[in-house]
Each structure stands twice: as structure tokens, then as C-alpha cells.
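Here are two short exercises to try with the structure open. Have a go at each task before you read its solution.

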Amino acid sequence: MANNIQKSFRRILKSKKIKFGSVALAFTIMFVVIVLLLNALVSVFDAKKGLYIDTTGEQRYEIGDITIEKLSGITEKIEIVFCADRDILVGNSVMGMIVTLAEKYETTFPNISVRFLDLKRDLKEAKNLSNLAGGENPTETDVIIRAVDSERARLLKYGAFFVSDSTGYSYVGFDGERRFTESILMALNASNDKVVFLTGHRENTNPTKLKEVLAGAGYLDGQIEVIDLLKQEIPENTRLIIINDPALDFHGYESELKGNTNEIKKLDSYLKNNYSNLLVCIDHETKELPALRDYLSTTWGITYQAASSVEDRENASTTGESRIKPVYYKSANGDDYIAQRIVRNLDDYTVVMGSCVPLEPSGKSAGKLVAPVLTTSDNAVVYKGKESVSAKNVPLMMVSTLEAYPVNPATGVQETKFAHVIVSGSTDFIHSDLDETNSNSTLVRNILSLVGTQSVTTDIEPKLFVDNKLETMKENDAKKITLILTFLPAGLVAAAGVAVYVRRKRL
């Protein structure tokens, strides 16, 4: 009985069905093992080197030479921390772009790493990092840049990585490289500089788009304050004071005679004693404001024609004659070097200024260097009421600079110090006209670079989307590739199985 069973088993093993079936099974197992090994190898290589190929028309995920130059010499460890699992973020078209670029930084620079937290699982750590960056409770779309050794951080909202159109509702470009590079530099070179908006004169102290530019330049929420000079002192380390669209005059010397606080005196004292800076934004609806106007005129050499407007049809924006594309002023004798720092890198780009009031030098600069920054063309018209006057090269933005050489009491060494006053004849310049379809934001960043100590990278341009239809096309291509990769291996295995089955039938 045992011998019969043994003989039957040997016959089964020697049968062609078993032989070919075993071969088919072996090939199938081998194929699966090879696929798994290749997948593992590709995953490891991708994690270390990055296999993503940027096929977007604007090359939105490419890291440029400026970033490589600025970050290559840095050895301190930098973490880019996301506040949600990677799978969740890459499934979102907006956050997926940010993650893709972050991982490109990780593979390009050996000291940069990317981490993903889960707010449910890692809420305490996320809060600690957010507090380190001066933020509040983090959200899943927040991105935190952390300098590990120095324990400094920057928190960015996802919207900061994108360029919005003039409506603010649609994204027209990706500004990821500049945001990441600036934030890394800010985390490494953090200072306690402040920007102060003055209030008490019906100013606009919450210009959303300007605050976005300030955030990109490294000024966190805690570094932007609103101050009433009648009640408060200007904080230490204030690098820029902003008077934005005042409707009421400041309290000046006449107010002081009545026993009230002299706001003008307090402002002037801070600017000169601390070598700080002032940005004043007015427009064609700004009233005389005698105290403020007299201060700008007699102390800084800049005045304005109240209740007047400028029209420049030669350089009018396509969206309206009241919106001007100004000329970048260049002096023949080179005495406008400060103004040239403000308009640097803008030769081929357009700035837009709407609802402008004409500015002019007062001739009372008291040793200040006064120069136009932006002007109209030779064929402008200035309107005052029903009257109109032809004018050329009307200043729309001016800068006045105090240069001093105080001795540092700590070192005994003489230093060169500057205080700048910049007057913009347009409030729209930092409001409705402040978007990346023009160069207003670049001009603002140049101003911040001039007046501040923050590390502002102004030369990295946003990457405007080449064609919105391109996104749809690539999404369709991605779906096709996904279908091919999903069904091709299975199809090959099935075909091999059919071939083996047919072969066995013929034997």
C-alpha cells in the first residue's frame, strides 16, 4: 500500500502539468519579488536624490542659482515642518505644490530636512514650534521653518506661497522658492525689528496685501504694531513707521502750546535719534493736513499738492487712466543713488500707482538728500478742481535721506547711519495695486531692504503659471500614466498565465 502511494506521488511530480505549473508559479513569484525590490530601491533612491521631474511650463519646482548661492554655505540644520500627514497634503493640489518644492530643497541641500506632523498626534510639538515662530495655534496648512541649533523659526500660511490676481481670489503664480529661501534666511538671522503703523488720524492700519509682503520679508505678527502717538511711545527696534492714508492732521507745535502731546516732535525725535525710517502714503483725496505737510516740507524737503490728481495717458495702465505706470527716475549727476536702490531690478518690470497726488521738492531739505523715485512721463496733466495744467516728470514717489556719522559709545568707532523718509503719492500702491501681476511688491521689498536689517531676498521672482489649461492637461496625463502603471503589470502577468495555460493544454 505504501509503495503504491509512493509510486503515484512520483508520477505526479514527473507529470508535465506539475512541471509547467511549477515553472509558471516560480516565474510569477519571481516577477512579484522583482517588482517589490524595484519599488523599494526606487523609493529609497527617491528619498535621497529625488526623482521628480518638473514638467511645468514655468519650471515652478526648480531651485535657481540665487537660492543655491545663498544657502549652500549654511551648515546649521534646517527643518521644514508640515502640520499634516504627507499623504493628506499631496492629495491637495495647492499644498501638494508646497510639499513637492520642500522635498526638492531637502534633496538639494544636505542640511535641510522635511518632517510631517499630525495635529491630533503631535499637537503639543506643533504648538511649541508655532510659538517659537511667534504664531498661535497651528493649522494643517501651516508650514514652519525651523533653525534647529539656534531654536528660531518662521511660520508661513499656505497663501504666502502663491501669487494672487488683482481680485485676490485666484492664484496666478507660485512664489514658493522665494518664500522658502527668505524664511530660511530669516530663521537663521532673526532680529527683533518692528514695523509700526500710526493710528489716531483715521489711517488704514490693516492693509492686508502689505502685511503679506511684510510677512514674506520676515516680520511676524508680533513684530507689527499699531501705535497712537498721543497715548503710546514708539517701540524700540522700530525700523519702519508707516502713515497710511491719514484723513486727520497730526498734533504739532500749536497743540504743544496748549499743553497737548506734540506727535510731530515725538515722531521726528524717534526718526533722528534712532535712525529709523518713515513711509507716508497719501493720494488725490488727502487734505492739506498742515502739521504733517509742514513737517515733511520743512524737515525732509518733500511736499504735495493737496486735492490735486495726476493723469498720464502716455503711461496709463490698461485698467484705467487714473492708474499710472510710472517712470523710474534717473539723475544725470548720480545724486539719486538711494532712489536707485529702491528701483533696482525693476528696469524690465512695471509698477502701477492709482489715484495719485502730485509730489514736489520743497527746496527746504536742510541737508537731506532728496530725490524722486517714480515720476510721470513728459506729457502728464495735473488737475486741481476744474483746472488742468500740463506737466512733465511729476514725482509720484520721493525719498529724503539723512546721513550721519555718530560715534558708537560701546566701541568708540565712528559709524555711518541713515534715516529715510519715503512719500508715496498713491495709497493704492500698497492696497489694490499690490499684486504680482506688476512689480509693486518687489518695490516694497526693496524699500524694506533699504530701511531694515532683515534678510530680504528680492531677486527671486515668482513663477507665474504659463497656462491654467496646462494644469488640466498634465492632470489628464497623470491619470493616463496611473492607469498604465496600474494595469500593465497585471496584464503582463495575466498574459503569461494564459500562455502557460494554453501550452499545458497542448501537451
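**Exercise 1.** Find which element gives the most to the lining of the largest cavity.

*Solution.* The answer is H13, with three residues. Let's work through it. Before we start, note that this is a predicted model, where local features need pLDDT of at least 70, side-chain atom pairs count only at pLDDT 80 or more, and totals for chains, interfaces and linings use all residues. Residues are numbered from 1 along each chain as its sequence is written, and side-chain values use heavy atoms, with hydrogens and water left out.

Step 1: search the whole structure, and one cavity of 30 Å³ or more turns up. About 50 Å³ of space lies in the largest cavity.

Step 2: list its lining, which is Leu210, Leu240, Ile242, Leu279, Phe429, Ile430, Val444, Ile447 and Leu448.

Step 3: sort by element. Strand E9 (238-244) and helix H13 (440-451) are the ones that give two or more residues to that lining.

**Exercise 2.** Work out how strands E19 and E20 are joined, and whether E20 is buried or exposed.

*Solution.* Step 1: E19 (residues 380-384) and E20 run antiparallel, with five bridges joining them. One of the partners to look up is Ala391 in E20, bridged to Ala380.

Step 2: check the link. The two strands form a hairpin with two residues between them, and Gly385 in the turn has a positive phi of about 65°.

Step 3: count buried residues (under 20% relative accessible area, 1.4 Å probe, protein chains only). E20 (residues 387-391) has zero out of five, so this strand lies largely in the open.

How values were computed. Buried means under 20% relative accessible area, exposed over 50%, partly exposed in between (1.4 Å probe, protein chains only). Helices (H or I, at least four residues) and strands (E, at least two) are DSSP runs, numbered from the N terminus. Two strands pair if DSSP finds at least two bridges between them. On a 1 Å grid over the protein atoms alone, a cavity is a set of points where a 1.4 Å probe fits but cannot get out, and a pocket is an open set with protein on both sides within 12 Å along at least five of seven lines; lining residues have an atom within 4 Å of a point. Grid points are joined across faces, edges and corners, and a volume is the space filled by probe spheres set on the points.
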